[in-house]
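Good morning, and thank you for coming. I should like to take you through a few features of one model, beginning with a pocket.

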Amino acid sequence: MSCAAGWGCAETAAPPPAPEEVIVVLNSTAATLSLLPVAAPMQVSTIPLGASDVGPVSVTTRGATAVVPLRGRDAIAVVDLRAGQLVTTIRLEPGSGVAGAALVNDSIAYISNANHNSITRGDLSTSDTASIAVGHTPQQVTFTRGRLLVINTNLDSLGNPAGESWISVVDPAAGPIGTLVDSIPLIGPGNAQFSTVAGDGLVYVVQDGDPSVDEGRLSIVDPVRRQELASFGGFGFGPGDLTADGEERVLISSRTEGLMEFDTAERAVIRGEGNGIAIPANTGVAVDAEGRIYALEAGCSGKGVVHILRADFSEIRKVAVGQCATQILLALVPPAGVEPSDTTGL
């Protein structure tokens, strides 16, 4: 549309700069985060999380913020990924057995407490905390469709499956700290540990069962209808963390099987037990916007290694990170002054 004489035309605002893609690796024994910019993955930076005994167990990110549950301190570490530094540590209830975490916005995180059968709402700006009861032995927390999905691993006192697992559904906007609104049973061997949201909007959950028995399964959960839709075996002994590429691919890590693959459109195991990509002691996987795959080798006797692969699994390069690398994910870090764009809560 042209501007008539005498009429002012508002300037069209330029789109905000795209966020920077950064691979974040949690090194549990080293008690650090390793940051690998996707544009320059050899330029690794390291963020210490405290003393060597803080016991980091997982990491979650939103925008430039990362939250790391510290089991050795009954606390969470709050990290600024843009500045590359630890911002603060927030104490939780003693003996919590902190496990997973999810950020619902820039300042509110929810942390699962495996020993207390609860999740804690933590205000990162004030350090205020409050807890909500969920199921038994809660582990990973996923935020999607405006709800928190808390995986209840359901373990006995010896750490073995006590029965089937289930998901507690929490509305974080209900009441001052959130409200438990539903639960989703998971059919299978129990010991559900990990989950991811795929391009089809469904949640894919890994169930380990008894890790000494060949019974790893992948469950598909509809977070809107709140029900399990299907479950697939064939993932061997103790499959691990997983990720989705935003389209039709879910990639599952395994210390014993390497890197496995599931097709969400065909609902078929493409690479399962005995057919994984050979990544030694594979503890995690991430995918960037160009489809490159980052498969994590734990390296608990030395340094962890990130294997950077093309979409066809051919290897591009390896990058060393910290000792005992246990989790990897892709963070989208916006430029300073730009709010993160996030659709996971819609």
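Which strands each supply at least two residues of the lining of the second largest pocket? They are β1, β2 and β3 (45-48), strands being DSSP runs of E of at least two residues, numbered from the N terminus.

Before I continue, a word on the basis. This is a predicted model, in which local features need pLDDT of at least 70 and side-chain atom pairs count only at pLDDT 80 or more, while totals for chains, interfaces and linings use all residues. Residues are numbered from 1 along each chain as its sequence is written, and side-chain values use heavy atoms, with hydrogens and water left out.

To return to the pocket: β3 gives the largest share of its lining, 3 residues. Among the lining residues are Glu-20, Leu-35, Ile-47, Arg-82 and Val-333. By class, the lining has 6 nonpolar, 4 polar and 2 charged residues.

Next, the packing. The largest nonpolar core, a set of buried Ala, Val, Leu, Ile, Met, Phe, Trp, Tyr and Cys residues joined through side-chain atoms within 4.5 Å, has 20 residues. Buried here means under 20% relative accessible area, exposed over 50%, and partly exposed in between, with a 1.4 Å probe and protein chains only. β1 (20-27), β2 (32-37), β5 (65-70), β6 (75-80) and β28 (325-333) are the elements that give two or more residues to this core. Val-79 is one of the residues with the most contacts inside the core. Leaving aside residues up to four places away in sequence, Val-79 touches, among others, Leu-33, Ile-47, Leu-49 and Val-87, contact being heavy atoms within 4.5 Å.

A second, separate core of 15 residues includes Leu-218, Ala-230, Phe-232 and Leu-242. Phe-232 also belongs to a cluster in which ring pairs link it with Tyr-204 and Phe-262; rings of Phe, Tyr and Trp (its six-membered ring) pair if their centres lie within 6.5 Å, and planes under 30 degrees apart count as stacked, over 60 as edge-to-face and the rest as tilted. Tyr-204 and Phe-262 form a tilted pair, 6.1 Å centre to centre with 55° between the planes. Both of these residues are buried.

Finally, the backbone. Where does Phe-313 lie? Phe-313 is in the loop between β26 (305-309) and β27 (315-320). Its phi is near 75°, a positive value in a residue other than glycine, and Phe-313 is buried at 12% relative accessible area. Arg-226 likewise has a positive phi, near 60°, but counts as partly exposed at 24% relative accessibility.

Technical notes: Helix = DSSP H or I, 4+ residues; strand = E, 2+ residues; numbered from the N terminus. 1 Å grid on protein atoms, 1.4 Å probe; cavity = no way out; pocket = protein on both sides within 12 Å on 5 of 7 lines; lining within 4 Å. Nonpolar A, V, L, I, M, F, W, Y, C, P; charged D, E, K, R; others polar.
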